[in-house]
Amino acid sequence: MNNRSYSARQLKEQIKNKSLSPQELSSSIISLCNSVQEKYNAFISIDPDIISKEIEALFDDKLKVGDNAPLFGFSYSLGDNIATSGYVTTCASKMLSTYKPPLDAHVFLKLKENGAIIIGKTNMEEFGIGCSGESSYFKGVKNPWNTKHTAGNGAAAAVLTGVVNFSLASDVRGELRQAASYCGVFALKPTYGRISRRGLLDSASSLENIGLMAGNTMDLAAALTAVAGHDPHDVTSLRSEAPDYISLLEGNSKELQAAVPENWQDAPYLEDELKDIFQGQLKKLEELGIKIHFVQLPHFQHSSLTATIISAVEAFSNLANYDGVRFGYRAEGRHLQEMYTLTRSEGFSSKLKKFLTFGALVSSAKYYNDYFLKAQKLRSVITKELEDCLQRYDLLLTPTTPFRAPGPGILPGREELPDPAGYYTAAANLAGLPALTYPLHTKGLPYGLQFTGKKEDELTLLKAALLLENENTLAFPNFDFNNQGV
Amino acid sequence: MPEFETVIGLEVHVELLTNTKLFCGCSTAFGADPNTQVCPLCLGLPGGTLPKLNEKAVEYTIKAAMALNCRIADEITFDRKNYYYADLPKGFQISQFFQPTGRDGYVEIHLDGRSKKIGIHQVHLEEDTGKLLHMGDIISSPYSRVDFNRAGVPLIEIVTEPDIRSPEEARLFLQKLRSILRYIAISDCKMEEGSMRCDANISIRPAGSKELRTKTELKNMNSFRAVFRGIEYEVERQRSVVMEGKEVIPQTRHWDEAKGITKAMRSKLVSANYRCFPDPNLPPYKLPAEWLEEIRKSIPELPDSRYSRFTGEYGLPPYDAEILTASREIADYYEAVLTGYNEPKSVSNWIMSELLRLLNSTNTGINDCKIKPEDLGKLLQMIDKGTISGKIAKGVFEEMFATGKKPEDIIKEKGLTQISDEDTIAKIVDSVLAGNPGSVEDYRKGKNKALGFLVGQVMKETKGKANPQLVNKLLKEKLDR
């Protein structure tokens, strides 16, 4: 039995009719986790005791999980910058390598209520900034399609290998969607504020969201329904109630109008093969009844640079509490200043330090107006442009990344600011709009197709993804973990 | 010797009387053990909670800005001021930089019989930092300990224009400010406990010159007296630096109360680089017009208006009005007495000389005063009616202050009612005259002093209860006969 047949719905049946014991299920999941970890380094923490306890609770009626809980039997993982008081929460940084947060994240609590089982905390770039697989203190995540290439993050690798049904990870300038594209899975970054950020150890609060990844649209919608909604403890959280996306997906969809930036091919490092694939997809979408309109978005091309400047300044400020005084890594110094300097020099990776230094520079008195202020203005312009466009069309259609998962020594524009991987993804963060990436399984590494939608209109994105999913057979690889399966 | 003009601007921080901190539910009570009123948020722990604005603190800031005659913003922002210091848990302080709550206000002070407006540049809300505890003084201490109880306590900062010209004006301004803020009950403004803190930016320039010269910032003045003395010293110091032909160095200086001098703490040459930007976790906050109107209505009559009313309506001298209106409670008390006894000057005299003296000597606040305003009114009426003498009344007043008893009860208990019956007094006068023939003789020889002695004897016989006017009258009648 291969790993993709491990589905939550089957599992629910097996638990209900007791054809499976909690011990069998636990050991099967733990051994799958260990294999995935060994091969791809997808996790930072896996705790077999926690997994076993959660699974026992599923089988034990007294523990009140209840098999009518919407996510009963679903397994998931959290990026390691989402707080869990039971697991260390490291942000993939030496700075927090032994840190246990004081509280659980809002999403963790919601998922527990909904009956989902947490499998572990996934690996990522340090503090979730970027997707190049270079800065994790716990080393990079290998792409299950080809281990020489990066997976972007552990959340995508965990979903791809089927060790979890869905995973949650953060998205600052598109990291979640980029990793999903590199691994060929579904990902949704909802509208800013749709999912509470309480318990997210964020680097750039105005851009960053918690998003979701899954192996199919329905799992994505199920997970979104569980975690979306107003949280009075996050004042940036949306006031409106979130709908039940699953039931709404069942309805018929109207004909969708999709906009495509006419200069979409201007992205630096755009792969030639992707040009053909994307054009092929446009044709396919027209056949499925999605009307394509080419539009002008003159400032879209500056979104990655704009988001880089803003996220660097916010990260510089957000990460200022990592001073060695009250928690986390502390270096010894002869006086306060030296302790600060050594703590941050030793506790952060050189890539992160470069990024924070850039943030300090562009917000310094000398450059504030020319860079930081300009970026804030550009953010308004880009937001306005996208909102105007989405007034007329249901969604914006682009590739997710200009290239497939980078391999050894072939990281496009690695020394560059802005990060070229964020060319198509950063705009949704700037404007706070929902964006979904749909996997395109091709020969070799996969690509992604990105839908960006109106504020609070995740449903249209999910409908478009479902439409494509029903028409295509996705070719997930068959991983051989030598595992007995369930 | 050239003449110099002193230019002073003040930055006053005032802790608000909210029960909880600005962005979390921690208590703001003063005097708790170190680090017992903290949570993950105000300690800046990763993965804690998100900030949630305390609306009471916003309301208090608006109230203060209104009382200081400021323009109120219709939308305010909370911005991060980024810097590293051990008392700052998050590595940034949340303050109002881009859209403060109030701007362009003023405070009026009274000086040598004239009044002067000190401009208020802005009033904004921010969070306090933690507190560094030192061994001895800050400069010689080998290490610092940090208490984060104060971190996140709501503060308002009031920044004046550089309109203040002397240490005395600075002191008067601060006292007026404290009085106003206590009127609206948003802070207890205790300089000794640090709930009101003042930094002064001080420079001097040749008299008649208009531009601002290099300033120093003076900190650590923990009383009104310290503000006066610190500024006085610093002005003198700058004057002697300039007279020696040297330049004033821009620096932060520390007032040493014990030695009575200011000491250099750090240079201000490198201009601060706070990288201010709107806090992304706190969206701009709208101040709806209806809410502002509601707050405006809740502001009581303020000291200036009360002062004009007391001098006008009650005809009080400026000195009395100034003292009575400096505290809202005293002014309220004064007016409450008037409702039962409408003799403004007489009531003022009793409050200023008797009541305030006792309150001060027993270290009692007016709110804890046992004498009810209506009882004080009754006491004064009794003097007018001749029920008791003014002298006896003072004793009764002290008894009322100590026990809270009503004046009529005290008078009854102790039999203090004035003897105003002519026959009764005449009998006593006769017996005194009979018993003191020498004094009678002296009086008749023209020694007027003897009359005083005889009056004293009558009062002694009656234990002070005889109506002094009657005693005088009867004695004279009998002696002059």
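**Exercise 1. Which residue is the bridge partner of Val12(B) in β11(B)? Place the pair in its sheet.**

Solution. First, the ground rules. This is a predicted model: local features need pLDDT of at least 70, side-chain atom pairs count only at pLDDT 80 or more, and totals for chains, interfaces and linings use all residues. Residues are numbered from 1 along each chain as its sequence is written, chains are lettered from A and ligands numbered from 1 in the order in which they are written, and side-chain values use heavy atoms, with hydrogens and water left out.

Step 1. The partner of Val12(B) is Cys198(B). Strands here are DSSP runs (E, at least two residues), as helices are (H or I, at least four), numbered from the N terminus. Two strands pair if DSSP finds at least two bridges between them.

Step 2. β1(B) and β11(B) run antiparallel, joined by eleven bridges. β1(B) also pairs with β10(B), again antiparallel, over five bridges. There, Glu11(B) has Val159(B) as its bridge partner.

Step 3. Check the cover. Ten of the twelve residues of β1(B) are buried. Buried means under 20% relative accessible area, exposed over 50%, partly exposed in between (1.4 Å probe, protein chains only).

Step 4. Zoom out. The sheet is open and has nine strands, in the order β2-β6-β7-β10-β1-β11-β12-β13-β14 (chain B), with mixed pairing. Its edge strands, β2 (71–72) and β14 (261–267) of chain B, each pair on one side only.

**Exercise 2. Find a parallel pair in this sheet, and the helix that packs on the sheet.**

Solution. Step 1. β12 (residues 216–221) and β13 (residues 251–256) of chain B run parallel, joined by three bridges. Glu217(B) is matched with Thr252(B) in β13(B).

Step 2. The helix is α2 (residues 167–183) of chain B. Contact means heavy atoms within 4.5 Å. On that basis α2 touches β1, β6, β7, β10 and β11 of chain B.

Step 3. The direction of this helix makes about 115° with that of β6(B). Axes are lines fitted to C-alpha atoms, for helices over the stretch in contact, and angles run from 0 to 180 degrees between N-to-C directions.

**Exercise 3. How many residues does each chain give to the contact, and what area is buried?**

Solution. Step 1. Chain B gives 31 residues and chain A gives 39 residues.

Step 2. The buried area is about 2,700 Å², with 61% from carbon and sulfur atoms. Buried area is the accessible area (1.4 Å probe) that two parts lose on being put together, summed over both.

Step 3. On the chain B side, Pro46(B), Tyr84(B) and Arg275(B) lose the most area to chain A, together 25% of what that side buries.

**Exercise 4. Why is helix α7 of chain A largely enclosed?**

Solution. Step 1. Helix α7 (residues 217–227) of chain A has nine of its eleven residues buried, so it is largely enclosed by the rest of the structure. Among them are Leu220(A), Leu224(A) and Val227(A).

Step 2. Look at the ends. At the start, a side-chain oxygen of Asn216(A) comes within 3.2 Å of the backbone nitrogen of Met218(A). Just after the helix, Gly229(A) has a positive phi of about 135°.

Step 3. Follow Val227(A) outward. Among the residues that Leu168(A) touches are Val227(A), Ile210(A) and Leu212(A). Leu168(A) sits in strand β6 (residues 166–171) of chain A. Its relative accessibility is 0%, so Leu168(A) counts as buried.

**Exercise 5. Where does His441(A) lie, and what does its side chain reach?**

Solution. Step 1. His441(A) is in the loop between β12 (435–440) and β13 (447–453) of chain A. With 18% relative accessibility, His441(A) counts as buried.

Step 2. List the polar contacts. A polar contact is a pair of N or O atoms within 3.5 Å; within protein, one must be able to donate a hydrogen and the other to accept it, and residues adjacent in sequence count only if both atoms are side-chain atoms. The side chain of His441(A) reaches the backbone oxygen of Gly184(A) at 2.7 Å. A polar atom of that side chain lies 3.1 Å from the backbone nitrogen of Ala475(A).

Step 3. Add the neighbours. Not counting residues up to four places away in sequence, His441(A) touches residues including Trp145(A), Pro446(A) and Phe476(A).

**Exercise 6. Is Asn69(B) buried or partly exposed? Compare it with Asn41(A).**

Solution. Step 1. Asn69(B) is partly exposed, at 36% relative accessibility. Asn41(A) is buried, at 18%.

Step 2. Take phi. The value is near 60° for Asn69(B) and near 55° for Asn41(A).

Step 3. Locate both. Asn69(B) lies in the loop between α1 (55–67) and β2 of chain B. Asn41(A) lies in the loop between α2 (22–40) and β1 (43–45) of chain A.
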